[in-house]
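Here is a short tour of one protein model, taken a region at a time. Keep the 3D view open and follow along as you read.

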Amino acid sequence: DRNNGRDNRDVIALIGSDVYNHTYQKAINYKNGEYGIGQLASTEMLEVTGGNYTVVNGEEGRAWQRMLVEIDGKQVAIYNTHLSLGVGDAFRSNVSEILEVLENDPVPYKLLTGDFNATRENMDAFKEKYNLSNGKDGLWYSTFEGDKYASGAGYIDGAPNADIESGIDNI
């Protein structure tokens, strides 16, 4: 939320304040303010980019963002996203768009986090090219509505030999 009728504050800046670097990506106008997604980092953000997904069939607008950080001497592109509910054309369009963004990112180490609004079955689109952290080896962590959706799942690409987990707590 950013200065809207639900919460009249810049929430990501408030959480980040002087402690964390923070970035915000607007998804939609909402109650005389904005609604979007944010990222916090205790390390320097070397680069920040983001975008909005194509709105399909009048669905609510969704967004993605990317921050580039350094972990253990390696540049890592950390993405955050909020996808449309995983039951229709809007979700499939969002997935196609974020996969294209990831594919075109020259940074070899990538981490995608966020609210995927995805059932386990429709996470397969990510499994083809990316390592799945939620759902890896069939182990799923309940993140929303019992076991139905895989919100908060993460993907690591290009890092099979990197100990990225050891640096993730220091971002």
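## A parallel pair and its crossover

In this predicted model, strand β5 (residues 74-82) pairs with β6 in the parallel sense, and seven bridges link the two. To find your place in this pairing, look for Ala 77, which stands opposite Lys 110 in β6.

How are these two strands connected into a unit? Together with helix α2 (residues 89-104), β5 and β6 make a β-α-β unit that is right-handed. Strand β6 itself spans residues 109-115 and is mostly covered, with five of its seven residues buried.

## Arg 66 and its partners

Next, turn to strand β4 (residues 63-71), where Arg 66 is found. Is Arg 66 buried or exposed? Its relative accessible area is 6%, so Arg 66 counts as buried, the cut-off being under 20%.

Which side chains does Arg 66 contact there? One is Glu 47, whose side chain makes a polar contact of 2.5 Å with that of Arg 66. Another is Tyr 79, joined to Arg 66 by a side-chain polar contact of 3.5 Å.

## A nonpolar patch on the surface

Finally, have a look at the surface. Val 19, Tyr 20 and Leu 40 make a nonpolar patch there of about 260 Å².

Within this trio, Tyr 20 sits in the loop between α1 (11-16) and β1 (21-30). Tyr 20 has a relative accessible area of 36% and is therefore partly exposed, as this class lies between the 20% and 50% limits.

Notes:
Residues numbered from 1 in each chain as written. Predicted model: local features only at pLDDT ≥ 70, side-chain atom pairs only at ≥ 80, totals over all residues. Heavy atoms only, no water. Buried < 20%, exposed > 50% of the residue type's maximum accessible area, 1.4 Å probe, protein only. Helix = DSSP H or I, 4+ residues; strand = E, 2+ residues; numbered from the N terminus. Pairing = 2+ DSSP bridges. Right-handed = clockwise from strand over helix to strand, strands pointing away. Patch = residues over 30% accessible without salt bridge, like charges linked within 9 Å, V, L, I, M, F, W, Y side chains within 5 Å. Areas by Shrake-Rupley, 256 points an atom, 1.4 Å probe, with all protein chains shown as cover. Salt bridge = Lys/Arg side-chain N within 4 Å of Asp/Glu carboxyl O. Polar contact = N/O pair within 3.5 Å; in protein donor to acceptor, adjacent residues only side chain to side chain.
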